[in-house]
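Biologist: Could you walk me through how you read a model like this one? I'd like the general idea each time, then the case in front of us.

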Amino acid sequence: LINALDDTQRRQAILGFRVADLVLGPGQDGRTIQPEGIRASALSPSQQTMMWSIAEEWAGIMNTVFAEPRMAEIRSNLRDTYFAWSGPTTNGSPAYFRIQGPTLLIEYAPQQDSVDHIHTIYRDPTNDYGAKFVGK
Amino acid sequence: LPFALLLLLGFSSPLSAHRRDEYLQAARLALDPSAVQLELALTPGIAVADAVFIEVDRNGDGLVTAAEQRAYAAQVLAGITLSVDGTSIQMEPAGLIFPEREMIQRGEGTIHLRYNAALPRLLDGEHHLVFQNRYPGDIGVFLANALVPDTDRIAVVAQRRDFTQRDLTIDFVLRGAPASSTAMWFSGLVGLIVGVFLTRSARGFIHAPTGLR
């Protein structure tokens with residue numbers, strides 16, 4: 001996806017600083033950071049398809065019965081979804097990225113400049129740890 | 001199933017979250033019209049865990065007392081500066097949680113520190129909050145982020161950082177109190193005046209029999 005962006009889009013998507021780890025890792029339930037990066041609505045349809053395909057790698061790893069409405073919910077927030085990147089853009093490089101929307105947070109954070117050790121998190125900020133399901 | 005999945009994903013990270021020779025310092029700043037809250041999550045890697053623990057355990061007895069925790073929170077605070085529109089802001093410790101020593105030694109323990117600061121009275125319009133973290137300089141890796149404000153009176157319009165994220169400038173816009181709040185304030189004032197009047201009337205009523213004795 002990052003290599004499918006044009007120069008203007010890249011300037012918006014690429015953060016000019018190192019992101020060494022997850023910003024909203026375990027223990028950060030209920031917090032929402034200010035979104036950064038490029039708005040999904042500023043991506044072309046084919047770029048959006050690529051972004052949703054990435055999101056599906058996290059949000060889609062469940063039964064189709066659950067995954068389909070979940071992905072539909074995520075896609076419905078296109079205008080308020082952001083894609084951000086930090087690090088090199090060559091394939092296979094250790095780079096951080098984040099997809100953030102009202103009901104979605106995905107972070108991918110290679111540790112200490114190595115793709116051998118990855119920290120990642122997938123959240124629904126409106127349903128952290130399944131709070132909706134247990135009525136909290 | 002989704003609940004189980006979230007649980008699995010949520011808890012899977014810390015099990016493999018062994019930092020090595022870095023001291024991760026994640027700062028989150030929450031802004032409201034009159035105050036700033038700073039949360040610091042400090043995670044020393046395995047290779048630097050003992051060095052950090054020695055700094056916390058000042059008397060070297062292997063235990064971390066409440067006084068040593070407070071002293072460490074103050075030591076961290078000494079390396080941090082916060083200012084708004086060029087005016088320095090004083091922060092006060094507001095909470096701390098220290099993990100067990102074993103957790104720190106495994107590179108899985110996170111020290112949580114919280115500080116509060118009152119903002120000077122700000123006019124409506126654009127302002128700049130500058131956060132700088134200089135503690136400790138050599139082994140630290142840094143994250144610094146603004147949280148989405150709880151009130152629509154503040155809008156974060158940009159975050160500017162240096163490459164290491166030791167420095168963060170939050171550009172934000174402060175808007176005036178909404179009309180409904182003004183109306184509530186006015187209603188409260190009227191209620192207060194009526195309340196005082198009624199209280200005085202009631203006192204007069206209660207005191208009257210005494211005066212008749």
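Biologist: How many residues does the largest nonpolar core have, and which have the most contacts inside it?

Modeller: In soluble globular proteins, nonpolar side chains tend to be buried together. A nonpolar core here is a set of buried Ala, Val, Leu, Ile, Met, Phe, Trp, Tyr and Cys residues joined through side-chain atoms within 4.5 Å. Buried means under 20% relative accessible area, exposed over 50%, and partly exposed in between (1.4 Å probe, protein chains only). The largest such core has 37 residues, with B:Tyr72 and B:Leu129 making the most contacts inside it. A second, separate core of 24 residues includes A:Ala13, A:Ile38, A:Ala55 and A:Ala59.

Biologist: Any ground rules before I go on?

Modeller: This is a predicted model, where local features need pLDDT of at least 70 and side-chain atom pairs count only at pLDDT 80 or more, while totals for chains, interfaces and linings use all residues. Residues are numbered from 1 along each chain as its sequence is written, chains are lettered from A and ligands numbered from 1 in the order in which they are written, and side-chain values use heavy atoms, leaving out hydrogens and water.

Biologist: Leaving aside neighbours within four places in sequence, what is B:Tyr72 in contact with?

Modeller: Contact means heavy atoms within 4.5 Å. For B:Tyr72, the partners beyond those neighbours include B:Tyr23, B:Leu42, B:Phe98, B:Ile111 and B:Tyr135.

Biologist: And B:Arg114: buried, partly exposed or exposed?

Modeller: B:Arg114 is partly exposed, at a relative accessible area of 30%. You'll find B:Arg114 in strand 6 of chain B, residues 111-118. Strands (E, at least two residues) and helices (H or I, at least four) are DSSP runs numbered from the N terminus. Past its neighbours within four places, B:Arg114 touches, among others, B:Glu39, B:Glu92 and B:Pro93.

Biologist: How many helices and strands do chain A and chain B have?

Modeller: Chain A has three helices and five strands, running α-β-α-α-β-β-β-β from the N terminus. Chain B has five helices and ten strands.

Biologist: Why does the radius of gyration of chain A agree with a compact globule?

Modeller: The radius is taken over C-alpha atoms, and the globule rule is 2.2 Å times the number of residues to the power 0.38. For 136 residues that puts a compact globule near 14 Å, and chain A has 15 Å, so the two agree. Of those 136 residues, 49% count as buried. In chain B, buried residues make up 38% of 213.
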